[in-house]
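This report describes the fold, one sheet and the nonpolar cores of a single protein chain. The sequence and the three-dimensional model follow.

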Amino acid sequence: MQPTLTPVLRTGLTLALLLPLAGSRLAATESAVLPAPPPVQGAQPDPQVIAQFGLLNNNSLQSYIDNKGMQMGRISDRPADVKGFTIVDSPIINAFATPDGHVYFTRGIMAHFNNEAQFSGVLGHEIGHITARHGRKQQTRSTIANGAILLGSIFSRRIASIAEPATQVVGLGLLKYGRDDENESDQLGVKYSSKIGYDPASMADFFLTLQRTEQSSGAATVPTFLSSHPNSADRYQNVKRLAQQAEQQAGRQLATNRDQYLRMIEGLPYGDNPREGYVENSVFYHPDLKFQFPVPQGWKSQNSPSQFQMAEPNGKAVMILLPAGNKSLDETAQALAQQLKLQNAQASRTTINNFPAIAIQGDQVGQDQQTGQQGITASSLSYVIQDGQTLYALVGLCGPGTLNSYGDTFQSVAKGFRRLTDANKLNRQPEKVRIKTAKAGQTLAQALASNGIASKRYEEMAILNGMKTTDKLTAGMLYKVVGK
């Protein structure tokens, strides 16, 4: 099953290993540089958030969120608490605020807004969490919490704990607020968005889009807005009522700015970006880094800027691919064994499809989170694979004493790591939001058909537009489709 294992790895090496680079999924780690002076807390995005999601490269949208965010921050109840705003490169539909005063929007939620007022309402809601200090009550630093991996229900608590040493910056512990906190933030969102001139009723309308999205996708495996911001049956009506009161107090018609917003998101990436890695027919392909390897049949997977993760469906085993810097193969393997806290680790050199590699086997030693006792917490068969000047760590972890069950799978995945040469896989491009102009008398379904959208995607596009497929479009009305 496992390769022949020979020398015991030395310990004591303190190489900084497995630290992801922001902005490039699975990019190789660069040489160390002198650290810059620490920024004001919250003024810059949390590096761990960027490692998890990536940074969206869109200067105009980033400038927009900066301007609107600071405008709203100035009229909020605690302006000094509101520090910064960032759009992250994730297709999930979410927005969240961290206790240090930073607000994050995913490109996924930006794509699903249909006017500036919807954006403003959610922005106000997140600033409300900051000014009401909801996050500080729960957590003292950032939204990245405890090293648990593969969000939601994919991993059992057991695997989340045994995998922690290999994934110290990965876990996405999004704060989950109670109903009272959510209601207070809804009130503040209405207050703040109307104060800067936007119709807060649009925030309520966006809740309907969120509900339809979650219903259409089934149980979410990654946090979405409604899973990290629990919904309630009367939330829509409460926000509508608050919005009506706010508009009466304003004494004027508040703005929605639909066309301005839609034109601004023209060309925004939509859905997963295949350039940064994708799974198809149980194979993970990375076009930009030009490698591929198999995903075990039935295993759950998730890609992020810092790593690619796979888990046995019952949470009994996990494999994680991470960038491992540019030191020597031996040095990196030694550091990996230390970071995994492997006892009596054994290693052997091998070659995987012309890539030099080292296989490492051992038992992970630590404190069992269930019993609190020190002992073996996992068994591991891991690989360090060298691709030119870049090294990757392919970490396999399973429960203590279960390597006989999962070692063959770990080895099979590693042996399947190979150069990606298929032009069809290499040339995949992301879909983007495209803004179109309606003709008189068209229904949304007819407009989608005229743009070559497959009928199986009509409901998805209807949700994206905040409409029904049967809704009539007026001449000149803007609407969204997606395409290359």
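## Overall dimensions and composition

The accessible surface of the chain amounts to about 20700 Å², with carbon and sulfur atoms contributing 47% of it. The coordinates belong to a predicted model. The chain has 484 residues, 55% of which count as buried.

In secondary structure, the chain contains 16 helices and 17 strands. Contacts between residues at least 6 apart in sequence are often long in range: 71% of them join residues at least 24 apart.

## A three-stranded sheet

One open sheet is formed by three strands arranged in the order S1-S3-S2, with mixed pairing. Its edges are strand S1 (84–88) and strand S2 (95–97), each of which pairs on one side only. On average, neighbouring strands of this sheet are turned by 15° against each other, direction ignored.

Strand S3 comprises residues 102–106 and pairs with S1 in the parallel sense, over five bridges. Within this arrangement, Gly84 is placed opposite His102 of S3. In general terms, the strands of a sheet pair through backbone hydrogen bonds, in either a parallel or an antiparallel manner.

## Helices against the sheet

Helix H2, residues 59–74, lies across S1 and S3 and runs at about 150° to S1. Helix H4, residues 116–131, also packs on the sheet, where H4 touches S1, S2 and S3. The direction of H4 makes about 145° with that of S3.

## Nonpolar cores

The largest nonpolar core consists of 61 residues, and those with the most contacts inside this core are Phe105, Ile109, Met110, Phe113 and Phe119. Helix H4 supplies the largest share of the core, namely six residues. Beyond residues up to four places away in sequence, Phe119 touches Tyr64, Ile65, Lys68, Phe105, Met110, Phe113 and Tyr261. Three of the other residues named for their contacts inside the core, Phe105, Met110 and Phe113, are thus among the partners of Phe119.

A second core, separate from the largest, has 26 residues, including Val295, Ala317, Ala357 and Ile385. As a general tendency, nonpolar side chains in soluble globular proteins are buried together.

## A buried serine

Ser185 is located in helix H7, which spans residues 179–195. This serine counts as buried because its relative accessibility is 0%, and the cut-off for that class is under 20%. Apart from neighbours within four places in sequence, Ser185 is in contact with Gly124, His125, Gly128, His129 and His134.

Terms used. Residues are numbered from 1 along each chain as its sequence is written. This is a predicted model: local features need pLDDT of at least 70, side-chain atom pairs count only at pLDDT 80 or more; totals for chains, interfaces and linings use all residues. Side-chain values use heavy atoms; hydrogens and water are left out. Two strands pair if DSSP finds at least two bridges between them. Helices (H or I, at least four residues) and strands (E, at least two) are DSSP runs, numbered from the N terminus. Axes are lines fitted to C-alpha atoms, for helices over the stretch in contact, and angles run from 0 to 180 degrees between N-to-C directions. Contact means heavy atoms within 4.5 Å. Buried means under 20% relative accessible area, exposed over 50%, partly exposed in between (1.4 Å probe, protein chains only). Accessible areas come from the Shrake-Rupley method with a 1.4 Å probe; for residues, only the protein chains shown count as cover. A nonpolar core is a set of buried Ala, Val, Leu, Ile, Met, Phe, Trp, Tyr and Cys residues joined through side-chain atoms within 4.5 Å.
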